[in-house]
Amino acid sequence: MNTANDLLTIRNLTTSFRIKETYHAAVEDVSLSLKKNEVLAIVGESGCGKSTLATSIVGLYNTVNTKVTGEIFYNNQNLTQLNDEQFNSLRGNHIGFIFQDPLSALNPLMRIGEQIAEGLMYHTKLSKQQRQERVLELLNQVGIANPERVARQFPHQLSGGMRQRVVIAIALSCKPSILIADEPTTALDVTIQAQILDLLKVLQSETETGIILITHDLGVVAEIADRVAVMYAGEVVEEAPVQELFTNAKHPYTRSLLNSIPQTHSENERLEVIQGMVPSLMNLPREGCRFSARIPWVDASAHERKPQLHEIAPGHFVRCTCWKHFHLEGEEGGGTK
Amino acid sequence: MSFMQISDLNVHYPIRGGFFNTVIDKVYAVDGVTMEFEKGKTYGLVGESGSGKSTTGKAIIGLEKITSGQIFYEGENVTNQRRKRDSAYNKDIQMIFQDSHSSMNPRKRVIDILAEPLRNFMKLSDQEERKRIKELLAIVGMSEDVLLKYPHEFSGGQKQRLGIARAVACNPKMIIADEPVSALDLSVQAQVLNFMKDIQSEFGLSYLFISHDLGVVKHMCDHIAIMYKGRFVETGTRNDIYMNPQHIYTKRLLSAIPNIDPETRLERKKTRQDVEVNYQKEQHKYYDEHGKVYPLKSISDTHKVAMSDIEREGI
């Protein structure tokens, strides 16, 4: 069941992929919720399971090799129990999805107008004439000048920024109450990125959509998010309101990540590097603190045996207890490597 | 003293069409670029996609044919003369590619990938070659047991480091780095950038650092050139560009960089929108009737800005 003001509730979601007859969890025991008119950012490096989380919500995984357990509630419906037909009536209609690479998300043989109208054809009872009007309205809304001409063009005739706008228009076509944006600006230039982020914000204030934004760019998070969940190796390691996360991050992973941004350093200074690498799916340490291997100078007794999320301030959750003993290099209290 | 000069570099692509497939127009990918490189410095080349920054890099190293203009390397004219295998220029200028995966032959082992530049440019015996390869791996912080592995067995950051190892194999004077970190994660990016700086201070290398990420460029570069439609909009030292941007295009680019401070985001959004409105309103003053950038004019010893003659008189 959804609680009163939650749009989407994820509880104990675990998504596992089958590799050589055994299942390996790429997302493990994730619980999150999304409210109306909120931007929830999910941050992490590649391979931490953030995209898997997104595809699990909308059921875009390969059903043969993937096992999803846990509950995802939307409108008092458990999404993990739905069959394809039920999912099809939700996807595009109630939940919009913006893909990372706009060129491969668009059909190269279909005109832009037809692609946007496709969702409307399945989910609404609009006439062809009305659909055409709605398409032009959407293109206008996402800031494309000259919508009549663009609607008749093919994807290859548009620039990267324009294509991403078209993908956003498709996601918005049926006025979804949830929008999942998987790295919507990664492939774009900074000026276009700023425009797209502003656009998402404006559209959100008009329609009260809840947005789940998946990104690895902390700059983007600071620009647009209301709440942030940091993922590492398939788990949420820290969750906090955006102000809190940037001023008062606690988990060692979040702090190291913030510390490796070139912006936060003065010029010519060395950048902070996190030791080691993100473990691959098959070599994930399933017991104990998953980040412990990358901060070997923190004493083993600092970690919990079964790390849990602890609420240390209202709305601020941190996994494991190792943050209390963690110091970045050069800080008071050691942190020797 | 600069060891390498580029003067009025042009790369134009012909557009063919019409009945006889004649040249009907040209794409001005690089349109009159002039640069100088000094030893041990890092030069940043920034611009949006399609601005011609990668083409500039490729033209310098000889992967693109230069339409007109000259490249002088230690007093020698090396324009379009890359056929001689033993030329010092071939050896001294190396490149790191954006996509390290596709820049390595998938069927060669690490040892052969790293040996290729050595076999081309240095006459080493087998033992010397092997010793040098081990040194290279040590420079980029990898152990010797990777020698017999194939490129696909490495992660993105490791592959990029192998790319760097290959580029420094023959002790080059200059490395052209075309978006070396844009495909990497934040913490891996930090690793690679640190490596590049270490190698620079150790061997006195110069870099031409091509990137669209203004945060990374600010961290790495001493001199920065902003590029738009094949021409330089503004060049100067790091402080000239970031503290005192003059051209409206530079201002627009700088205002669009996301900042990691959520408290000031509304203010920044306001500034950004003001700059954008300003840009739409004023851009005709900064570009000529063909939408091109004006020639560069010096406003201080290091700082050059593109502007028209009329404006110049105003200053």
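In the predicted model, A:Lys20 is placed in the loop that joins β1 (6-19) to β2 (22-35) of chain A. The backbone angle phi of A:Lys20 is near 50°, a positive value in a residue other than glycine. Most residues other than glycine have a negative phi. A:Lys20 counts as exposed because 6 other C-beta atoms lie within 10 Å, where the limit for an exposed residue is 12 or fewer. A second loop of chain A, the one between β4 (66-74) and β5 (77-78), holds A:Asn75, which is not a glycine and yet has a positive phi of about 55°. With 11 other C-beta atoms within 10 Å, A:Asn75 is likewise exposed.

A buried position of chain A is offered by A:Gly113, which is found in helix α4 (residues 112-123). This residue has 21 C-beta neighbours inside 10 Å and therefore counts as buried, since the burial limit is 20 or more. When residues up to four places away in sequence are left out, A:Gly113 touches A:Val135, A:Ala151 and A:Arg152. The C-alpha atom of A:Gly113 is also separated by 9.5 Å from that of A:Arg149, a residue 36 places apart from A:Gly113 along the chain.

As to chain A as a whole, the UniProt annotation "domain: ABC transporter", taken from an unreviewed entry, covers residues 8-258. Over residues 8-258 of chain A, helix accounts for 41% and strand for 28%, while the C-alpha atoms at the two ends are 28 Å apart. The average pLDDT of chain A is 86, and 95% of the residues score at least 70. Residues 333-337 of chain A, by contrast, have a pLDDT below 50, and this stretch has eight contacts in the model beyond near neighbours in sequence. Where pLDDT is low, the predicted coordinates should not be read in detail.

Chain B comprises 11 helices and 12 strands, and the C-alpha trace of chain B spans about 65 × 60 × 45 Å along its principal axes. A compact globule of 315 residues would have a radius of gyration near 20 Å, so the 21 Å found for chain B agrees with that expectation. Of the 315 residues in chain B, 43% are buried. Among the contacts in chain B that link residues at least 6 apart in sequence, 66% join residues at least 24 apart.

Burial within chain B can be followed in helix α1 (residues 53-61), which is largely enclosed by the rest of the structure because seven of its nine residues are buried. The buried residues of α1(B) are B:Lys53, B:Ser54, B:Thr55, B:Thr56, B:Gly57, B:Ala59 and B:Ile60. After α1(B) comes B:Gly62, which has a positive phi, near 100°.

The domain assignment divides chain B into domain 1 (39-65 + 83-243) and domain 2 (244-315), and the C-alpha centres of domain 1 of chain B and domain 2 of chain B lie 30 Å apart. Between these domains of chain B, 16 residues of domain 1 are in contact with 17 residues of domain 2. On the side of domain 1 of chain B that touches domain 2 of chain B, at least two residues each are supplied by α7, β9 (223-228), β10 (231-237) and α8 (238-243) of chain B. The element that gives the most to this side of domain 1 is β10(B), with seven residues. In chemical character, the residues on this side of domain 1 of chain B comprise eight nonpolar, four polar and four charged.

Chain B also meets chain A, in a contact that takes 30 residues from chain B and 34 residues from chain A. Two or more residues each are given to the side of chain B that touches chain A by α6 (186-203), α7 (214-220), α9 (248-255) and α10 (265-286) of chain B. Of these, α6(B) gives the most, with six residues. The residues on the side of chain B that touches chain A divide into 11 nonpolar, nine polar and 10 charged. Helix α7 of chain B is thus named both among the elements that face chain A and among those on the side of domain 1 of chain B that touches domain 2 of chain B.

Key. Residues are numbered from 1 along each chain as its sequence is written. Chains are lettered from A and ligands numbered from 1 in the order in which they are written. This is a predicted model: local features need pLDDT of at least 70, side-chain atom pairs count only at pLDDT 80 or more; totals for chains, interfaces and linings use all residues. Two residues are in contact if their C-beta atoms, placed from the backbone, lie within 7 Å. Helices (H or I, at least four residues) and strands (E, at least two) are DSSP runs, numbered from the N terminus. Ala, Val, Leu, Ile, Met, Phe, Trp, Tyr, Cys and Pro count as nonpolar, Asp, Glu, Lys and Arg as charged, and the others, Gly among them, as polar. pLDDT is the predictor's confidence in each residue, from 0 to 100. UniProt positions are given in the numbering used here, feature names are shortened, and annotations may be inferred rather than shown by experiment. Domain bounds come from an automatic or database domain assignment. The radius of gyration is taken over C-alpha atoms; the globule rule is 2.2 Å times the number of residues to the power 0.38.
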